[in-house]
Amino acid sequence: MRKPAVTSVPIATLMAERWSPRAYDASATVTDEQVRALLEAARWAPSFGNTQPARYLVGVRGTPSFDAILSTLNSGNRAWAHRASLLLVGVLVTTNSKGDVPYAEYGLGLASENLVLQAVELGLIAHQMAGFSPEAVRSSFSLPEDAVPKVAIAVGSAASPEVLEEDWRIEREKADRVRLPLDEFAFTDEWGKPAL
């Protein structure tokens, strides 16, 4: 199901087509090459001083890593994410040989956006989630102290919204995408004065 962004001027197709669906095809798989492309896209994201703070835990459906990541998700996310072909956890590394890594969270955000845009390029869908237990991830994957799990990401192929079964979930999947208008988003001269 496509839900391209409604914009005031055309934007890049990858960005217009990116959204966060929950209806995944449980029979679809991802190839090793697709997983590699997703991770390469994330790896080449910009970072402050090239500190590269982003790391990913990777679980392909049918593997112990997938099951471990799935078990860390809250019940609302587990209700649909079990159908994804791939689950990842984005982790930020907060220190390196020079000390604290500045803007590490921002770096992970940039890398994760690259990853989900690459998913769109590959004809896949992706959904980023805050609803998971960082403590469970830390324990399951033996993370070091300076590694902070920050986001879970589901990737796979789209299915009909009806796979979500519950009416409210189906309706949410079909609902229009909404964003703030530009005059509430970008300002000039002073806060609240629209730039456009």
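This short talk covers one helix pair and two buried residues, R22 and I153. The model is predicted: local features need pLDDT of at least 70, side-chain atom pairs count only at pLDDT 80 or more, and totals for chains, interfaces and linings use all residues. Residues are numbered from 1 along each chain as its sequence is written, and side-chain values use heavy atoms, with hydrogens and water left out.

Helices first. Take α2, residues 32–43, and α5, residues 104–121. Helices here are DSSP runs of H or I, at least four residues; strands are E, at least two; both are numbered from the N terminus. The two pack at about 145°, axes 7 Å apart. Axes are lines fitted to C-alpha atoms over the stretch in contact, and angles run from 0 to 180 degrees between N-to-C directions.

Who makes the contact (heavy atoms within 4.5 Å)? From α2: A37, L38, L39, A41 and A42. From α5: A111, N114, L115, Q118 and A119.

Next, R22. This residue sits in the loop between α1 (13–17) and α2. R22 is buried (under 20% relative accessible area, 1.4 Å probe, protein chains only). Yet R22 has no salt bridge, meaning a side-chain nitrogen of Lys or Arg within 4 Å of a carboxyl oxygen of Asp or Glu. The nearest side chain of opposite charge, E173, is 4.6 Å away. Beyond four places in sequence, R22 touches W80, H127, L164, R172 and E173.

Last, I153, in strand β6, residues 147–156. Why is I153 counted as buried? Because its relative accessibility is 0%. Leaving aside neighbours within four places, its contacts include Y56, L86, L115, H127 and M129.

Notes
Contact = heavy atoms within 4.5 Å. Buried < 20%, exposed > 50% of the residue type's maximum accessible area, 1.4 Å probe, protein only. Lys, Arg positive; Asp, Glu negative; His and termini not counted.
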